[in-house]
Amino acid sequence: MSSQGRDERVALARTWARAIGSTVYVPMSAVELHEYLLDLITTLFDTVAAEPFTAAPAAELGRRLVRAKFTGHETLQQSIAVLSDALLAESGSADRVVAMMGELAAGYAEAIRGWTLDQQEEVKRALLDATRRSEAELRESENRFREVVTSSALGIAITDLEGKFLQTNPALAEIIGCKPADFEQRVLTDLFSVATRGQVANAFRADGPDRMITKAELVKDDGDEVWANVALSLLRDDDDAPSYLVAMVQDNSELELLQRQIETLTSKDGLTGMHNRQFFKSRVESVLGRAAPGHAITLLHIDIDNFSVVNHGFGYEAGDELLVSIADKLQRVFADEKAEFGRIDGDEFAVLVENGPTTPSTEDMIRAVHAELAEPVYLGEHGIAVGASIGAVGRLWSTDAVEFFGAAQSALRKAKRSGLRQWSDYDKPEDATEKADFERAAMLAGAFETGEVTLDYSPVVRLSDRKGVGVLAGVVWQPRDAEVIAHDDCVRLAELTGLSVQVGPWLLGEACGHLPIWQALAATANAKESVLRVRLSRAQSADGDLVAAVNEAVARSAVGPEFLQIAFDTSAVAEGLGTAPDNLFTVASNGVRVALHSFRGGPLELDLLAGSEARSVVLTDVFGDVRPPQRSADSALVLGTVELVRAVARIGAEVCVDGVRDEEEAAWWSDHGVHTATGLVFGDPGDVHDMMARFSDAG
Amino acid sequence: MTTPDWMPPGVDAELPSAARIYDYLLGGAHNFASDRAVADRLLAVDPGVRRIATLNRAFLRRAVLFLMSQGIRQFLDLGSGIPTVGNVHEIAHQVDPSTKVAYVDYEAVAVAHSEMILAGVDNTAILMADVTEPHLVLDSPKIRGLLDFDQPIGLLALTLFHYIPPQRKPFQVIAAYRDALAPGSHLAVSHFTDDLVHSTGDGLVDTMKTTQNNVFPRSKDEITQLFAGFDLVDPGLVPISLWRPETTMDGGDDPSRDGQYAGVARKK
């Protein structure tokens, strides 16, 4: 090959490369392409010059063009144009060139047909694979969708544009309360109330939003109408035209019910339905914050006395029942007031009153609470009444609820310290006797209601002539199924529950009803002593309402107050328990004769006597089981007693002795200057008729 | 159109795809009648589109070889399309068969086809995902299993971003990929522009509207923003035929008809 021939071929390769490059992307570098084409050109030139000539090798060249991916639109055309000119110039034989180009075109055509079919096969397989995969994914996604729809707690419906149901899920049927088949006869808007139907219908509008979430009123098959959250989505087809509507319905009724229950649980006391402590405090806060300055607000903190007595005696269920009744009572007392109620601890209640023009004074409110609580509640056949300590506080200068609440609690503590209607030092009852006591104590109130408790009189005798000069009034309880319980035990039980402050006024009221009788009898005995004597327990002596009760009883008797003698508990007066000293002074000022019972002597008690209006002392069970006549006259016991009687006499007071058993004892007391006495030696206790008989015998 | 998210993308051979049109313009036969019909309409509007396609494929080859020369041995090819002639792994493996190449496309047929091509080819992977959801790509076990993001990666985004509409936030998309790349990584971009077509660009754009892929041509300034956080290497963002041409033939006849800008940049 001449060097000139070589240059021609290189130039031809460059021309050919440019021609091909303009028709197809060639994934080769320029050098690679050049070398590749130069190789083809060499073969072509060899072929056209070969003797004998055969055009056949040109076919392979056509195939090689395809294999090299020179498969562009005009690649063959451009190649033939470039090559045929060059080959004609090289060989000068048009026949040979035409034959070779024919072979080349045939080889190219054959190869490109196979190549195209292969590629088409390949891309169709790819399409098939992709389609299969897509269908599998679609099936899977449909399964997922179906599972979601079926198991969803949301009611789901797919409808056409008329609202006709195409698909519904079980939850929707459950929410509406119908059978799945029932949807066939309906359209979507049928599920909603007339008032909210239009809203739902809006979702079908092609020009509206594709998705809306709204509240609409569902009409259930039982006629109930409930508000539900409804999400409505308009699905569009490929041309953006609306095709389906998807509705999801969330029935809120159960949720709302639950929410209310939770609210109730967190704000209400489960037993009584009153506010619980936390919520009551928040109510106090909001009332304080809301009320105009200067507007009176009263907070009562009520602690039920010895509630554990009921729990121990009757069991916790009975205790709960009693608490419910206490709650009812409190609400009854304040029925006419703008009031809020809280149970703020096991046996502690609180009442918040926003005072109005007709709201009674705090004292009257407390009295009303006491009176209502004193009404016994029947648990089975047992009537139970309770006492309570109450702390009351008016609105403070501050609007701080915590301070306000604290002030009421502090008032309550003060009330408890005073011992008012409050029994203290209570420990868990350890033995059966104690337990029985608590049980009886709790039943005592009911016993008053049923008449099992009655007045019990004992004669009071003047020792100088052993004449009956009056009666000592007490109570006796004859339970239906147990032994008689005498006055002292009744009082002890009543003191356990705080009931005794109710017993005092009752006793006074009942006994004063008989006062005219005792006055008449006393006249026959020419007695200047008071004819009706009542002894008050510690709690009764200290009761703030005592004076009112005494006044009322005396007024009802229509007899002068001087015929009545009330004996206060000496220690209660000496300690200043409650209003005991004031009570004594006021009762005496009103003309009632007062005495001190359970008097033990000693400088302090004598001093108390000297400084008080009491002109009588009662020595109660002075010697225990020992009797004065059994001791020698110079024994300390006897000497001390004699001195005591003398000391009382020097102050100008009389002495009465309680519990005299026999004649010898009566004589001894009489010898030592004791004025009057009570005791079994003077006859058994009895009712008013027994006493009348006794006095007429004696008279 | 309200298409629930849980619906997988369907396969519709009747709907022309840019990937298959591109294949046809490059002289391939991995296409359907509907693709060829659109390609023929494009050619009628502007006979230069075949050249545009060819130029892009040539740029791909030059860009990959340039990145290989910079030491890059990992490629992430976003919107890889039909594995037509001169794929990235074919170019790269000629230089170094250990080079890792990951392809990403969301067109089901292209992906299925790629899987067939790549079956048995080591160091390659194809992920079916929407490249505009970068986390789906970057967090994919397939991608993470092949590429080491602590080493430089060649990120290829050729003829891709002009298919991403403004509302898909193309600049945020590229930023997410950029942030995942190690320093020394490279980004190669080619992007359709109205600046470099003589027919009205609208003609091409309108024609492409009948396909799965609308076209959003962008200006040189806008395309430059795709390289935020990268330094463009010479010669910068230029008409595609002028990017480091190997021969005058690569330069073509008239760069003002190139149709696309192209550039390669290095991550700081």
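These notes cover the contact between chains A and B and one helix of chain A in a predicted model.

1. Extent of the interface. In this predicted model, 40 residues of chain A are in contact with 38 residues of chain B. Between them the two chains bury about 3200 Å², and carbon and sulfur atoms account for 64% of that area. Of the area that chain A buries against chain B, 21% is supplied by A:Tyr25, A:Val123 and A:Leu127, more than by any other three residues.

2. Polar terms. Two salt bridges are counted between chain A and chain B. A salt bridge joins the side chains of A:Glu32 and B:Arg61, at 3.7 Å from N to O. Nine residue pairs are in polar contact across the two chains, with both residues at pLDDT 80 or more.

3. Origin of the chain A side. Helix 1 (3-21), helix 2 (30-49), helix 5 (94-151) and strand 4 (225-236) of chain A each give two or more residues to the side that touches chain B. Helix 5 of chain A has the largest share, 19 residues. By class, this side of chain A has 15 nonpolar, eleven polar and 14 charged residues.

4. Helix 23 of chain A, geometry. Residues 636-651 form this helix of 16 residues; at 1.5 Å a residue it should span 22 Å, and because its end C-alpha atoms are 22 Å apart, the two values agree. Just after helix 23, A:Gly652 takes a positive phi of about 100°.

5. Helix 23 of chain A, packing. Its buried residues are A:Val638, A:Thr641, A:Val642, A:Leu644, A:Val645, A:Ala647 and A:Val648. What covers them includes helix 22 (603-611), strand 17 (616-620), strand 18 (654-658) and helix 24 (663-671) of chain A. As general background, residues three or four places apart in an α-helix point the same way, because a turn takes 3.6 residues.

How values were computed
Residues numbered from 1 in each chain as written. Chains lettered and ligands numbered in written order. Predicted model: local features only at pLDDT ≥ 70, side-chain atom pairs only at ≥ 80, totals over all residues. Heavy atoms only, no water. Helix = DSSP H or I, 4+ residues; strand = E, 2+ residues; numbered from the N terminus. Expected span 1.5 Å × (residues − 1). Buried < 20%, exposed > 50% of the residue type's maximum accessible area, 1.4 Å probe, protein only. Contact = heavy atoms within 4.5 Å. Buried area = accessible area lost by both parts, 1.4 Å probe. Salt bridge = Lys/Arg side-chain N within 4 Å of Asp/Glu carboxyl O. Polar contact = N/O pair within 3.5 Å; in protein donor to acceptor, adjacent residues only side chain to side chain. Nonpolar A, V, L, I, M, F, W, Y, C, P; charged D, E, K, R; others polar.
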